[in-house]
Amino acid sequence: MTIAITGATGHLGRLVVESLLARGAEAGDLVAVVRDPAKAADLAAQGVQVRAADYADRPALESALAGVDKLLLISGSEIGGRIPQHTNIIEAAKSAGVAFVAYTSVLDAANSALILAQEHKATEELLAASGIDHALLRNGWYWENYTNDLAGTVERGVLAGAAGAGRVAAAARADYAEAAAAVLLADGQAGRVYELGGDQRLTYSELAQQISEVAGAPVEYQDLTQEQYQSILEGAGLPAPIAAMLADSDTGVKTGALDTTSGDLQTLIGRSSTPVAEVLRAAL
């Protein structure tokens, strides 16, 4: 059985490859679909098949997926450009005869009011219309989303956001990667929908306390309006559309859009999710 992973040199994709190998998959049965094969030299050295294809290049995608039985479609990172990219991959997968696709979506994508969910919902609908057997991996937030400027957060003593007292059931990126590997290696996954989130369902005030304990310095949560938080993100150099999406997602935390008690993640990986303190320590 041949398993392909798109975006295999990205943060999540590389971890999925590692998880598949750790779970006993043969390196030669894995296909890393990447934009730049040079970045996958370490994977090739392990025996993983490396095939070049951009999400925008339909013919290259079809060639890259030749002979593939199962595909992990890791959602593209270009906000606003995902639908045509994902359409290319799904159509290429169908033409290549791929029998099963797992897609990394977002929590409750079909019903979520998050801006972030719009392209995920559309992709889920594309998969349903394709006729390809598929499973939906509706990933919650990554704890790593809060570590990009962790040193600055500690230095300022402030975790800023617009989440109010809402809870976020985040998990480590490696947890989601392991869940994806479990689905890809299992039988009978067609039609499954997994709502994936971690054991720790923290408010931002509780997250700030976790940061304080790990860093050994006081950090408090500063609750802002969505507009104020978006302005701060833009001031930090983020493009306006990205800042708007992140601020909207933070407001979504307030309404429960990134919270779940499904237990799906824990069932798939066979353990509790990685503690946030462990992720924070690794980032400091």
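Reader: Before I start looking at helix pairs, what are the axes, and between which directions do the angles run?

Author: Axes are lines fitted to C-alpha atoms, for helices over the stretch in contact, and the angles go from 0 to 180 degrees between N-to-C directions. Keep in mind that this is a predicted model.

Reader: Okay, try that on α9 and α10. At roughly what angle do their axes cross?

Author: Roughly 140°, and the axes of α9 (residues 226-235) and α10 (residues 240-254) come within 8 Å.

Reader: Why is that pair called oblique?

Author: Angles over 145 degrees would count as roughly antiparallel, and what falls outside the named ranges is oblique. At roughly 140°, α9 and α10 are therefore oblique to each other. The crossing of these two helices is right-handed.

Reader: Which residues of α9 and α10 meet there?

Author: From α9 you have Q226, Y229, Q230, L233 and E234, and they meet A240, A243, A244, L246, A247, D248, D250 and T251 of α10. Sorted by class, this contact has 7 nonpolar, 3 polar and 3 charged residues.

Reader: Switching to the sheet. How many strands does it have, and in what order?

Author: It's an open sheet of 7 strands, ordered β3-β2-β1-β4-β5-β6-β8, and the pairing is parallel. At the edges sit β3 (49-52) and β8 (193-196), each of which pairs on one side only. From one strand to the next, the twist averages 20°.

Reader: And what do strands pair through, anyway?

Author: Strands in a sheet pair through backbone hydrogen bonds, in either a parallel or an antiparallel way.

Reader: Can we zoom in? How many bridges join β1 to β4?

Author: There are 3 bridges between β1 (residues 3-6) and β4 (residues 70-73), and the two strands run parallel. If you want a spot to click on, I5 stands opposite L72 in β4.

Reader: What about β5 and β6, how many bridges there?

Author: 7 bridges, again with the strands running parallel. S105 has R138 in β6 as its bridge partner.

Reader: Is β6 mostly covered or uncovered?

Author: Mostly covered, as 6 of its 7 residues are buried.

Reader: Which strands does α1 lie across?

Author: α1 (residues 11-22) lies across β1, β2 (30-34), β4, β5 (100-106) and β6 (133-139), and it runs at about 160° to β1. Another helix on the sheet is α4 (residues 82-96), which lies across β1, β4 and β5 and runs at about 180° to β4.

Reader: Back to α1, then. At what angle does it pack with α7?

Author: About 55°, with the axes of α1 and α7 (residues 173-185) 8 Å apart. That makes α1 and α7 oblique to each other, and their crossing is right-handed. The α1 side of the contact is H11, L12, L15, V16, S19 and L20, while α7 brings R173, A174, Y176, A177, E178, A180, A181, L184 and L185. By class, those residues divide into 11 nonpolar, 2 polar and 2 charged.

Reader: And α4 with α5, are they roughly parallel or roughly perpendicular?

Author: Their axes cross at roughly 20° and come within 10 Å. Under 35 degrees counts as roughly parallel, so α4 and α5 are roughly parallel to each other. This crossing is right-handed. R82, I83, H86, T87, I90 and K94 in α4 meet E119, H120, A122, T123, L126, L127 and S130 in α5. The class split of the contact is 5 nonpolar, 5 polar and 3 charged.

Reader: Now some single residues. Where is T147, and is it buried or exposed?

Author: T147 is in the loop between β6 and α6 (150-156). Its relative accessible area is 15%, and buried means under 20%, so T147 is buried. Apart from neighbours within four places in sequence, T147 is in contact with V279, L280 and A283.

Reader: What's the phi of D108 near?

Author: Near 50°, which is a positive value in a residue other than glycine. D108 belongs to the loop between β5 and α5 (117-130), and with a relative accessible area of 32% it is partly exposed.

Reader: Last one: where's E62, and what does it touch?

Author: E62 is in helix α3 (residues 58-64), and it is partly exposed at 30% relative accessible area. Not counting residues up to four places away in sequence, E62 touches A92, S95 and A96. The C-alpha atoms of E62 and G24 are separated by 27 Å, and the two residues are 38 residues apart along the chain.

Notes
Residues numbered from 1 in each chain as written. Predicted model: local features only at pLDDT ≥ 70, side-chain atom pairs only at ≥ 80, totals over all residues. Heavy atoms only, no water. Pairing = 2+ DSSP bridges. Helix = DSSP H or I, 4+ residues; strand = E, 2+ residues; numbered from the N terminus. Contact = heavy atoms within 4.5 Å. Parallel < 35°, antiparallel > 145°, perpendicular 65-115°, else oblique. Left-handed = near helix turned anticlockwise from the far one by under 90°. Nonpolar A, V, L, I, M, F, W, Y, C, P; charged D, E, K, R; others polar. Buried < 20%, exposed > 50% of the residue type's maximum accessible area, 1.4 Å probe, protein only.
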